[in-house]
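Subject: Handing over a structure

Dear colleague,

I am passing on the structure below, together with an account of what was found in it. Please have the sequence and the 3D view open while you read, so that each residue can be located as it comes up.

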Amino acid sequence: MAPQAEAKPKSKISASRKLSLKILLLTRAMEELEAERVARDEEKVRYLGEKLPTLQLSGLSIEELQKLCKQLHAKIDMVDEERYDFEAKVVKNCKDIHELKLKVQDLGGKFKKPALRKVRVSADEMMRALLGSKHKGSMDLRANLKSVKKEDIKQEKELTLEVGDWRKNVEAMSGMEGRKKMFDAAGGGQ
């Protein structure tokens, strides 16, 4: 057995102490989240108080109320236009972000093929890998090759040398065996 080179050091804090610290951290985080929510609500009320003062409707005539309604409608229209513009910008930015994420994935996703190494595998090993346990016996590829004897090679060379140029052997191949010479000699004399 090998000696343990790196044994985990025992923790200096007990399990119950760890649990109590976790509980304290969680309660502290919840308190901070609640404080942030309250601060946001107060900021919202303050902002709305600045932008929208309370309406004084008592003692106004019908004409003044109609005028006030028209002003409120104009403000509402202006706010709706701004909201629409902001939403359009957000949608455009989201599309841009999505396209950029896709580009980053495409650039980062390029896979470089590693250089392959030559592996020498015999035919038997290849068949075992392909067929598994179905492969029986050895496969000697050299045994299946056509065997050529040295005598056959010599005979083929002799034939090619004998035939050589066909124009030289026309007389021998024609079967005249010198009759042409005799005919030429007889006719040449006249």
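To begin with the charges on the surface, Asp 77, Glu 81, Glu 82 and Asp 85 together form a negative surface patch. One of these residues, Glu 81, has its place in helix α2, which covers residues 62-108, and Glu 81 counts as exposed because its relative accessibility is 53%, where the cut-off for exposed is over 50%. Please keep in mind throughout that this is a predicted model.

As for the overall build, the secondary structure of the chain comes to six helices and zero strands, so that the pattern read along the sequence is α-α-α-α-α-α. The chain has 190 residues, of which 2% count as buried. About 20000 Å² of the chain is exposed, and 59% of this area is supplied by carbon and sulfur atoms.

There is also a nonpolar surface patch, of about 470 Å², which is made by Leu 55, Leu 57, Leu 60, Leu 65, Leu 72 and Ile 76. Leu 57, one of its members, is found in the loop between α1 (15-51) and α2, and with a relative accessible area of 48% Leu 57 is partly exposed.

Turning to the salt bridges, the count comes to eight, and three pairs among them can be described one by one, starting with helix α1.

In the first pair to look at, Glu 32 forms a salt bridge with Arg 28, and the closest N and O atoms of the two are 3.4 Å apart. Glu 32 and Arg 28 are four residues apart in helix α1, which means that about one helical turn separates them. On accessibility, Glu 32 is partly exposed, with a relative accessible area of 43%, whereas Arg 28 is exposed, with 52%.

Another salt bridge joins the side chains of Glu 43 and Arg 46, at 2.3 Å from N to O. Here the two residues are three apart in helix α1, and Glu 43 and Arg 46 are again separated by about one helical turn. Glu 43 is partly exposed, with a relative accessible area of 41%, and Arg 46 is partly exposed, also with a relative accessible area of 41%.

In helix α2, Arg 83 and Glu 87 are four residues apart, and therefore about one helical turn lies between them; their side chains meet in a salt bridge of 3.2 Å, N to O. Arg 83 counts as partly exposed at 44% relative accessibility, and Glu 87 is partly exposed as well, with a relative accessible area of 41%.

Besides these pairs, Glu 34, Arg 37 and Asp 41 are linked in a network of salt bridges.

Finally, a word on the cysteines: how many disulfides does a search of the whole structure find? The search finds zero disulfides. Two cysteines can be placed by their accessibility, since Cys 69 is partly exposed, with a relative accessible area of 41%, and Cys 94 counts as partly exposed at 47% relative accessibility.

If you would like a place to start in the 3D view, you could go to the negative surface patch that includes Glu 81, and then to the nonpolar surface patch that includes Leu 57.

With best wishes

Note on methods. Residues numbered from 1 in each chain as written. Predicted model: local features only at pLDDT ≥ 70, side-chain atom pairs only at ≥ 80, totals over all residues. Heavy atoms only, no water. Patch = residues over 30% accessible without salt bridge, like charges linked within 9 Å, V, L, I, M, F, W, Y side chains within 5 Å. Areas by Shrake-Rupley, 256 points an atom, 1.4 Å probe, with all protein chains shown as cover. Salt bridge = Lys/Arg side-chain N within 4 Å of Asp/Glu carboxyl O. Lys, Arg positive; Asp, Glu negative; His and termini not counted. Charge placed at Lys NZ, Arg CZ, Asp CG, Glu CD. Buried < 20%, exposed > 50% of the residue type's maximum accessible area, 1.4 Å probe, protein only. Disulfide = S-S within 2.5 Å.
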